[in-house]
Each structure stands twice: as structure tokens, then as C-alpha cells.
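Visitor: I'm new to this structure and would like a close look at a single part. Could you pick one helix and walk me through what surrounds it?

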Amino acid sequence: MRAFFLATVVLFTAACATPKRPAGAPSRVVVVGASAVSKPAPRGVVGDVFGGEEPRDVVAREGAEALRSRGYEVVAAESLLGPAPTVEQAAGLARQYKAEAAVVLVLTRLDLSALQPLGRAEVELESMMVGPDGQVLSNGERRGATTENLYRARTDWRSHVRQAVVQAVRELP
């Protein structure tokens, strides 16, 4: 009985911790990940094994997961080469996938100078939500330092990008 009560409390807390999609917000979205940052060099054993991903791929994948956890239906996740897509390109992707909006996440800066000694990274991320008609529904820029204490976080930049993406998605409508 005690285990059932504990499990119920844990599940209830987890459900309340993630902000859900507000009523009236687009429900079907396409996620577009881009990066102005080149791929960081692998660090440590974990980096050697998992270091082959591009930042834009990590941003797109983690953005899609974060949006799903908020109740959005993600119809596609695209990662684009080069600079951030324009509003017209984002609206075109929303129309192409018959989505109600395109969520554009762009990694603009990734400073890993304090990653090894402190488990800390400076991450800057721009976000934008664009309707299929080209109307910008939301946009913002998030700058911040992420800190992780696990060994993997001290050698793998992806956990820091993931943390920044999740925070940026929480700020979307």
C-alpha cells in the first residue's frame, strides 16, 4: 500500500512539473533545428563514442521531445544546414507538413570552456513559432549557463544543449 501511495505521489508530481500546452495554442507542429555553431570536438570516452552528432540534429530531436512532453503533436522534425530559416521558410515547412505552426530552434552560441572543470556550459538559443500564414506567434532568445554534475555532462555537450532546449520550449505558448 505504501508503494502504491509513493508511486501515485511521484507520478502526480511529474505531471504537474511539466507545463502543458495552453488552450488555443497550435497543437500540430513541425520542429526545425538549426545551428550557427560548428560541431564541438569530442571530449572524453563518452564524447569519443557519442560525439558524431551535429548540434542542429540535437536541437531538432530534443525540441521535438520537449514539445511532445508538453502535449504538442509533432508531425516532423527537420534539421537545416546553414543559418536560421526565414519566417517564410518556416511558414512553408508548416504548410508542407500540414501543421498549425513551425517551431524554429536555433543554437547561436555554445561555450564549452568551463565544461571539464566545472560541468558548466554557456548556451544561447533563439526560438520562434510561425503559423502557416507567415504570422510570428512567438519569438524569443534564451541565454544561460547550464550546469550538470554527472561525468557525462562534463564530457558531453549534448546534455547542456538539451537542457537549454527544454527551457526554451517551456517559454513557448
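Guide: Let's start with a yardstick: the expected span of a helix is 1.5 Å times one less than its number of residues. Keep in mind that this is a predicted model. Now take helix α3, which has 15 residues. From its first C-alpha to its last, α3 reaches 21 Å, close to the 21 Å expected.

Where does α3 sit in the chain? The chain has 7 helices and 5 strands, and from the N terminus on they run α-β-α-α-β-α-β-α-β-β-α-α. α3 itself covers residues 55-69. After α3 comes glycine 71, whose phi is positive, near 100°.

Next, look at which parts of α3 are tucked away. Its buried residues are Pro55, Arg56, Val58, Val59, Ala60, Glu62, Gly63, Ala64, Ala66 and Leu67. An α-helix has 3.6 residues a turn, so residues three or four places apart point the same way. The buried residues of α3 pack against strands β1, β2 and β3 and against helix α7.

That brings us to the largest nonpolar core, which has 28 residues. The members touching the most others are Leu67, Leu107, Leu110 and Val161. At least two residues of this core come from each of β1, α3, β3, β4 and α7. Apart from it lies another core, of 14 residues, including Ala90, Ala94, Val106 and Met128.

Leucine 107 is a handy place to see α3 meet its surroundings. Leaving out residues up to four places away in sequence, leucine 107 touches Pro55 and Val59, along with others including Ala34, Val37, Val123, Leu125 and Val161.

Now go to Leu67 and look across to helix α7, where arginine 170 has its place. Arginine 170 and leucine 67 are 103 residues apart in sequence, yet their C-alpha atoms are 8.4 Å apart in space. Arginine 170 counts as partly exposed, at 41% relative accessibility, whereas Leu67 is among the buried residues of α3.

Stepping back to the whole chain, pairings between distant stretches of sequence turn up again: of the contacts with a separation of 6 or more, 68% are between residues 24 or more positions apart. Of the chain's 173 residues, 42% count as buried. On the outside, the chain exposes about 9,100 Å², and carbon and sulfur atoms supply 56% of that area.

Key. Residues are numbered from 1 along each chain as its sequence is written. This is a predicted model: local features need pLDDT of at least 70, side-chain atom pairs count only at pLDDT 80 or more; totals for chains, interfaces and linings use all residues. Side-chain values use heavy atoms; hydrogens and water are left out. Helices (H or I, at least four residues) and strands (E, at least two) are DSSP runs, numbered from the N terminus. Buried means under 20% relative accessible area, exposed over 50%, partly exposed in between (1.4 Å probe, protein chains only). Contact means heavy atoms within 4.5 Å. Accessible areas come from the Shrake-Rupley method with a 1.4 Å probe; for residues, only the protein chains shown count as cover. A nonpolar core is a set of buried Ala, Val, Leu, Ile, Met, Phe, Trp, Tyr and Cys residues joined through side-chain atoms within 4.5 Å.
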